[in-house]
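User: Can you take me through the cysteines in this structure? Short answers, please.

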Amino acid sequence: MEMFFLLWLFFSVVELSPALPVSQEPPPAFRRHTDPTPQQSETPATVEMATGDLVPTHFPARRAAQVALHYLNVHHGSPFRVFGLQQVHKAMAEDVGTGGRKYSLDFSVTDFGSSGSVLRCSADVLFPRTERHSPPDVQLRCEELQQISSSPEEQAFYQKHIPPASAISAHDIPDSYGNISQDMKPFWHLARVAASFIMLRESSENTEYNMAQVANVTQQETSEKQLMLRYHVLLHDFVSQEIIHWKLLSSWSPDGGVRVLETEWQPKCPHATKPPTAN
Amino acid sequence: MRLYLAVFALLAAVHCEEIFNGDQVLRIHVESEDHIEALKELEEDVHSELDFWTHGFSIERPVDIRVPHTSLYAVKDFLRENNIHFTVMINNVQELLDRERAEMVSNAKMERKTKSFNFAAYHDLETIYSFMDTLVASQPNLISKVKIGSSYENRPMYALKFSTGGEKKPAIWIDAGIHAREWVSHASGVWIADRIATDFKENRAPVPSILSQMDIFLMIVANPDGYVFSHLTGRPFHRLWRKSRSVTSNPNCPGVDLNRNFDAEFGSPGASDDPCAEDYCGPSAQSEIEVKNIADFITSHGNFKSFMTLHAYSQLLMYPYGYSGTNAPHQPELHDVATQASRALNSWHGTVFKVGSIFHTIEQASGASVDWAYQRGIKYSFAFELRDKGEYGFLLPADQIVSTARETWLALKYIMQYVCDHPY
């Protein structure tokens, strides 16, 4: 319990790049009881995991690769291009001078946006060790990234949805049964790209984020030549198994790419049971 | 005999009348040459309209005769006069025919029901429970439904038992749905139950040979309350529910993570003690009735040789430990088995599953069912995380259910065969 209170003390408004203002405090990225680091373990296997060569199928390498994925989607995602981790080929980790840990990764990703193509990537992911959580730093290179082209689709999608009269609004994407209409898929992909801004920012060595569902999406009217979309997304942290709600406002155009303008964490509210009562 | 009856059934069906009402089938025990002479006499008497089902009389085997109702007394008197012993094999042929026909019709209906069950869809608890009944009724000689207890909200907890008989044969345990939102695990469980039944009926290897040596217990819904809750509405609050539905110390936060509630390093790092957490371990080990039911059942059975649990998502095939990174004593063998099983799985559709211990592959997890089973001496304990890798996550499209179930089945078959071949 003490750890929980300590973490609450570390709460603060996260410092962000100009593209990503936040209006409410995010949840602590870590509030479970876990062993702080594997360093105290007796077996050579776990000590080996902390630094040096990592087993590519084990979680430390995978978590770092997911962070690189979020970065890839932030910078190269679109309604028709969104990447998932295929596998990690090689990974290693080392402690760095400032107290953080740097992961060097060799991995492959799949584009499940439209092309289904596989890219080989390498990345350095630095998790800083600071008193307050700060986002990881990612350096990423992927082969043949520019050769993936979905421009005609992007243009058609943009033209179809930019007129104000066509503003869309939808909820539960996918629905309980995994259904998504073809029309909604690009909005689903855009949500994942926008959510990647948040997932990247919130990631640590003790999280593994994925987007579980789009609770709802509403297209906003705007004078700018951008698709303006207000999303309520649900993130799933595989480590804590928590479902974390975020609202965000994002814009997209074929030339401008995805930008996230506002994010707002939604507290876990058991509204379906009773309102909070004094204990 | 069945062939005769089938023919009679056909005749009866064709004639749409009860031709054989009151007819009996007598079994004659021939003990001497005199008996044989008497029987030959009977045979030559065409007026009696006796229908000999056995031809050629000898002392070595009994003779079966269908005797029309009208000739019954006369024939029986004759046999008694000649000291020929007989037993009434079929008391009323028509009755038997009627029963057989009804059974055939019912079986055909049951078969149609199980064949027409939509495996490529997610079903609610009631439908799954009704499917289980249908499956049992279609093969009652093989399958039974075992109630191992009730859930917190008093729903029955059932395991399907596949058994060719015997007392406490070594057994395999498979469960699905311990986490409510992982719908593809329940759906795969349904398909796999049907597949075990079909493979046995159609004598498809290796199921008959596995079942000749071992029993299989398959619990499709290990967390019925959570599953029902996840169906209440389409809202994420319901659909993405993970835990049980028990009342906790926090009235706003019901439910315990059943896979942190087993008595295996309970409460140690790898779970949360906050009732509002998704991986809340509960107030004490086995505090959850669902966990207690499973643990008690397996413990009192005492002869389980393998324990496998189906979850989603991530595409992983894992073995103990979850609570620590130390290698389990059988780690090399378990890793081998899991690796081969994942290859078998991959052969169906190319799906790649990663293999490793729970601790190393996912994260530290205490109170996990697989650790508990392993520590109870059930060596071949595995945890599956089925499709996918996060694209749809918990909300896997229904059109992937059958493919997921098929590939999982290949891995399960490999492991079950291995367990069979490596008794301990």
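**Cysteines and their bonds**

Analyst: In chain A, C121(A) and C142(A) form a disulfide, with their sulfur atoms 2.0 Å apart. A disulfide here is a pair of cysteine sulfur atoms within 2.5 Å. This is a predicted model, where local features need pLDDT of at least 70, side-chain atom pairs count only at pLDDT 80 or more, and totals for chains, interfaces and linings use all residues. Residues are numbered from 1 along each chain as its sequence is written, chains are lettered from A and ligands numbered from 1 in the order written, and side-chain values use heavy atoms, without hydrogens and water.

User: Which strands hold C121(A) and C142(A)?

Analyst: The pair links distant parts of the chain, 21 residues apart. Strands are DSSP runs of E, at least two residues, and helices are runs of H or I, at least four, numbered from the N terminus. C121(A) sits in β4 (residues 118-127) and C142(A) in β5 (residues 137-142).

User: What is the handedness of the disulfide of C253(B) and C276(B)?

Analyst: Their sulfur atoms are 2.0 Å apart. The torsion about the S-S bond is about 85°, so the disulfide is right-handed.

User: Why does C281(B) not bond to C276(B)?

Analyst: C276(B) holds the closest cysteine sulfur to that of C281(B). The gap is too far for a bond: 13 Å.

User: Is C281(B) buried or exposed?

Analyst: Buried means under 20% relative accessible area, exposed over 50%, and partly exposed in between (1.4 Å probe, protein chains only). C281(B) has 5% relative accessibility, so C281(B) counts as buried.
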